[in-house]
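Colleague: Please take me through one part of this model, slowly and closely. I would like to look at one helix and the loop that follows.

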Amino acid sequence: MSSNKGFSRRDRVSEQIRRELAEVIRSELKDPRVGMISLTEVEVSPDYAHARVYFSSMAGSETLDSVQAGLQQASGFLRSELGKRISIHMIPQLHFVFDDSLERGAQIAKLISDAAAISDHSEEPDQA
């Protein structure tokens with residue numbers, strides 16, 4: 001048995017799907033609902049039949065449903081474009097999921113900086 005160094009085939013396929021989808025969405029998708037999005041990750045099922053495509057959007061949470069509906073409606077087009085660009089036996093069904101990790105990260109960073117600022121203010125009178 002050879003040891004599997006690096007990424008598994010499924011990881012490589014997931015990354016290739018993410019890169020190609022990002023390019024197709026950026027350059028060829030004309031749906032105004034989608035706008036500027038970033039694909040953060042793609043998870044492909046073990047049988048390659050389904051792929052969860054995680055995306056983030058700077059448009060804000062008020063337009064999230066519209067963006068997700070636009071992506072889901074374009075999934076057939078996106079699958080056909082993927083079929084032209086990558087060579088795997090089966091192009092997976094695409095399921096789009098909003099990834100709020102960037103927003104949560106920004107909130108946590110803000111909380112940390114607020115806590116640090118409060119801590120700095122509370123230490124100043126003791127030093128005087």
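Modeller: Start with a cut-off: a residue is buried when its relative accessible area is under 20%. Keep in mind that this is a predicted model.

Now take helix H3, which covers residues 75-85. Ser75, Leu78, Glu81 and Leu82 are buried there. These four span an arc of only 125° around the axis, so they sit on the same side of H3. There is a general rule behind such a pattern. An α-helix has 3.6 residues a turn, so residues three or four places apart point the same way.

What do the buried residues of H3 pack against? Their partners are two helices and a strand: H1 (9-27), H2 (64-73) and S3 (93-98).

Next comes the loop between H3 and S3, where Pro92 lies. Is Pro92 buried or exposed? Its relative accessibility is 1%, and the cut-off is under 20%, so Pro92 counts as buried.

Look at what surrounds this proline. Leave out residues up to four places away in sequence, and Pro92 touches Ile17, Tyr48, Ala49, His50, Ala51 and Arg79. Ile17 falls within the 9-27 range of H1, and Arg79 falls within the 75-85 range of H3. Take His50 from that list of contacts. In sequence, Pro92 and His50 are 42 residues apart. In space, their C-alpha atoms are 4.5 Å apart.

To put the pieces together: H3 has its buried residues on the same side, and Pro92, in the loop between H3 and S3, is buried as well.

How values were computed: Residues are numbered from 1 along each chain as its sequence is written. This is a predicted model: local features need pLDDT of at least 70, side-chain atom pairs count only at pLDDT 80 or more; totals for chains, interfaces and linings use all residues. Side-chain values use heavy atoms; hydrogens and water are left out. Buried means under 20% relative accessible area, exposed over 50%, partly exposed in between (1.4 Å probe, protein chains only). The arc is that of the directions from the helix axis to the C-beta atoms. Contact means heavy atoms within 4.5 Å.
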